[in-house]
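Hi,

Here is the structure I promised to pass on. Have a look at it first, and then read my notes below.

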Amino acid sequence: MPGERLTARNMADVGRFHGAAPPTRVELTIHKDEEKKQEEGGCRRWFRKMCPCCCKQQSSNTYDITDKVEVVKPPAPALPKPEPQKWDHNEMEDMMLLVHSVDLLSSQTGQNRQEHHTDLFHGDELIIRRGQTFQMELELNRPFSADTDKLHLDFRTGPLPMVSKGTHITVPLVNELMDEGWEAKIVEQNGNKIKLSINSPAKAVIGLYGLSVTTQPQKGGPASTHNSSKDLVMLFNPWCEEDIVFLDDEEERKEYVLNDTGRLYYGTEKQIGARTWNFGQFHEGILQACLFVLEKSEMPPSGRSDPVNVVRVLSAMINAQDDLGVLAGNWSGDYSEGVSPTAWSGSVEILRKYHAANGTPVNYGQCWVFSGVTTTVLRCLGIPARSVTNFQSAHDTDVSLTTDVYFSEDLEPIEELNRDSVWNFHVWNDCWMARPDLPPGNGGWQAVDSTPQETSQGTFRCGPASVNAIRSGQVYLKHDTPFVFAEVNSDKIYWQRNVDGTFRQFHSERKAVGHNISTKAVGSDERNDITHLYKHLEGSEEERITVETASRYGSKPDVYCTPMAEDVSVNVKMDGEGPRMGTDAQLTIEVKNLSSQPRRTTLHSQVAVMYYTGVLKGTFKKDKIPVELMPNEVKTINWVLPYQQYQDQLVDQAALMLTLSGKVSETKQVLANQTTFRLRTPDLSIKPLGDAIVGKEMAAKITFTNPLPKTLRGVIFRVEGLGLQKGHEVFVGDVSGHATVTVTEHFVPAQPGPRKLVASLDCKQLTQVHGVADVMVREN
């Protein structure tokens, strides 16, 4: 029986078992001695007479029997096998069948966990995926007989399991598995033990299940129920063709379900930054935390069979805006009551804190943190997911599907009307699933956004919205497709107030939003540009048709009725990767005359500090630039922003917006351009020291150079590495201007294979400083 051991008896104890002690074999070493003869004493002669068989007369050739006697014990005889108890038909009918124990065969290295691709999860619980068979063993009080006995399983999930809701399932024994629903078959029987193979449907409710086994005589009578002491967890199954989340590419499944680290992108379209994020979906306690999030959502357990519902609920629960979800958002710059969003480097600590605090929101998150946690939860539950960054991401507040900028009669921005914004970057998620609730062709990647921006059906959530529907302008398809469409493909419309208070459209920018939409590539740390999945080629006929099609469903359906002719354009360019933090920022303004006539204008420029969400903190520099253009001339203007002018103005992401506006004297054409750029920050340099071997201490040197001419106060390093060391803080203190600081970390790798050690800098005066080192850990 499981847990019992047979104790072998000492076979050297002769006589304990009848016939078990053959005679001891004695090997003698005999030495011939020609010279020395030993006389037989009286005692020996008496002994020989009394027992001649034991002490024979020596021959004339006398031999000396020495004391070098080697006693060789015989091999221990095999323990006799007990005769199996024989049961006749009447005895089995008379004795009621009882379940003594249930073995869920839940070992991390066992068949169930391996076949269900759940062996990476921490611990030895039974974690399985729906739509796939799994095994368990039952130990009974006597052999099972299909002629005399009945047996069935009961699985229950949720606080009030109900058969009608699919949360209480009775699983019968069948002769053959048909793979169409819940069913069980005996695949092996050995005495009082039976092994069952159980199948679950591909639409089973996911979550935590309790198990009981009921036995009863075939002819009727009292039943006996055994409750398993262990529960099992059911997840979505991207390996099952019948599951809605099925993903038909093994490499993509490895990336979007099994990979526990990734890359998040930030910055601006011309200065794309990347940071490593530890999703840690298999880490100790994370599965329990994810199930806890579902529980806190108060979503009916019966609704957990549909990934569309699950994703929609999770997009609301990851933020704490209106339902005490996982993360509290904070864009104020004051993070004294929690952790700065830029200091996080993974989801594990966040989810474990939320679970440990019984649902108290964790402080604080911004879009990439919301996205990183969403990726963790979705991958943990078995839904393929990835974090996606959209550069120049529009925030449409009035469902116009345009990004509207309002100016006064004198072309001054009207701040109280300019509620729409364009974020330098915004990070959300794609998740993979079929969409049987939508017309054919809208399955595949679905956009879901957990950052609280606008409410959807009264709750701060967004998605899942079909990426194919977004690309084709079918914004009437659920969920929240118009909002995501505006983020990636809305035109920026400039409005000027007339004397009578009405507004006229004087300019439109068709390539203002939705650039370089990025996610981590499959199987590598390279950036994969997926803009083509969200929109047709910018400026193509297909793209313009899509925009105009979508706009008809917005609050300003007639915005594209009047085309405008333009022959002067304004663009802003930067060299290389752009300006660095602590130096003067230099850009180039290019003004182009496409006509055969001269043109004159005055460009009004203003620079504002901007949160990465597109919210302006304030304008701190204004200029006027007169421009005269000859026919078909292109003029370049060098524009410089000294460090001294922006050093005390910056907020979290060190982002700035340059706005240019003007009117062409000859044609009255209005010029408008808005360009965002960030001041690049240095990376943390991480250099592993020593051999990386499981169980052997090694070290890593982390180096940082302050790029600013002023002292950074209260610098903290946050260091983390899945399989290398737990996340923790290293207090560095003040770092003077342009100084270099080095910290050496010592740790003991716990898991073999490729690992990543990540670190980030937490400092109010300087953000988005981080680094990563690849560490290949060998078995000891």
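Let me begin at the start of helix 4, where a side-chain oxygen of aspartate 249 comes to within 3.0 Å of the backbone nitrogen of glutamate 251. Keep in mind as you read that this is a predicted model. Helix 4 itself covers residues 250-258, and its buried residues are Arg253, Glu255, Tyr256, Val257 and Leu258. Their cover includes strand 4 (126-129), helix 8, strand 17, strand 20 (444-448) and strand 26 (515-520).

Some overall numbers before more detail. The protein chain has 13 helices and 41 strands, and 52% of its 780 residues count as buried. Among contacts with a separation of 6 or more, 67% are between residues 24 or more positions apart. The accessible surface is about 36900 Å², with 49% of that belonging to carbon and sulfur atoms.

On confidence, the mean pLDDT is 86, and 86% of the residues reach 70 or more. Residues 1-40 are another matter: pLDDT stays under 50 there, and the model has 34 contacts for them beyond four places in sequence. The pLDDT is also below 50 over residues 46-73, a stretch with 28 contacts beyond near neighbours in sequence.

Now the sheets. One is an open sheet of 6 strands, in the order 23-20-19-17-26-27, with antiparallel pairing. Strand 23 (465-466) and strand 27 (527-529) are at the edges with a single partner strand each, so each has one side without a neighbour in the sheet. Further in, strand 17 (residues 385-395) and strand 19 (residues 421-433) are joined in the antiparallel sense by 10 bridges; to get your bearings, find alanine 385, whose bridge partner in strand 19 is cysteine 431. Helix 8 (residues 367-381) lies across strand 17 and strand 19, at about 0 degrees to strand 19. Strands 17, 20 and 26 turn up both in the order of this sheet and in the cover of helix 4.

There is also an open sheet of 3 strands, ordered 18-24-25, and here the pairing is mixed. Strand 18 and strand 25 (503-509) are the edge strands; each has a single partner strand, so one side of each lacks a neighbour in the sheet. From one strand to the next, the twist averages 30 degrees. Strand 18 and strand 24 (residues 491-497) run parallel and share 6 bridges, with valine 405 partnered by tyrosine 494 in strand 24.

While you are looking at strand 18 (residues 402-407), pick out threonine 403. Is this residue, threonine 403, buried or exposed? Its relative accessibility is 2%, so threonine 403 counts as buried. Its side chain makes a polar contact of 3.0 Å with the side chain of serine 490. Beyond residues up to four places away in sequence, threonine 403 touches Ala394, Asp420, Ser421, Val422, Ser490, Asp491, Lys492, Ile493 and Val513.

Back to strand 4, which has cover on both faces: Leu126 and Ile128 are buried on one side, Ile127 and Arg129 on the other. Strand 4 runs parallel to strand 12, and 4 bridges join the two; one pair to look for is isoleucine 127 with valine 233 in strand 12.

Strand 4 also helps to cover the buried residues of helix 5, along with elements including strand 10 (207-217), strand 12 (232-235), helix 6 (307-317), helix 7 and helix 8. Helix 5 (residues 286-296) is mostly covered, with 8 of its 11 residues buried: Ile286, Leu287, Ala289, Cys290, Leu291, Phe292, Val293 and Leu294. Just after this helix, glutamate 298 has a positive phi of about 60 degrees.

Last, tryptophan 344, in the loop between strand 15 (327-329) and helix 7 (348-356). Tryptophan 344 has 1% relative accessibility and therefore counts as buried. Its side chain reaches the backbone oxygen of tyrosine 364 at 2.8 Å. Leaving out neighbours within four places in sequence, its contacts include Arg275, Trp277, Ile350, Val369 and Arg718. The C-alpha atom of tryptophan 344 is also 9.6 Å from that of valine 719, although 375 residues separate the two along the chain.

Send me any questions once you have had a look.

Best wishes

Note on methods:
Residues numbered from 1 in each chain as written. Predicted model: local features only at pLDDT ≥ 70, side-chain atom pairs only at ≥ 80, totals over all residues. Heavy atoms only, no water. Pairing = 2+ DSSP bridges. Helix = DSSP H or I, 4+ residues; strand = E, 2+ residues; numbered from the N terminus. Contact = heavy atoms within 4.5 Å. Axes fitted to C-alpha atoms, helices over the stretch in contact; angles between N-to-C directions. Buried < 20%, exposed > 50% of the residue type's maximum accessible area, 1.4 Å probe, protein only. Polar contact = N/O pair within 3.5 Å; in protein donor to acceptor, adjacent residues only side chain to side chain. Areas by Shrake-Rupley, 256 points an atom, 1.4 Å probe, with all protein chains shown as cover. pLDDT = per-residue confidence, 0-100.
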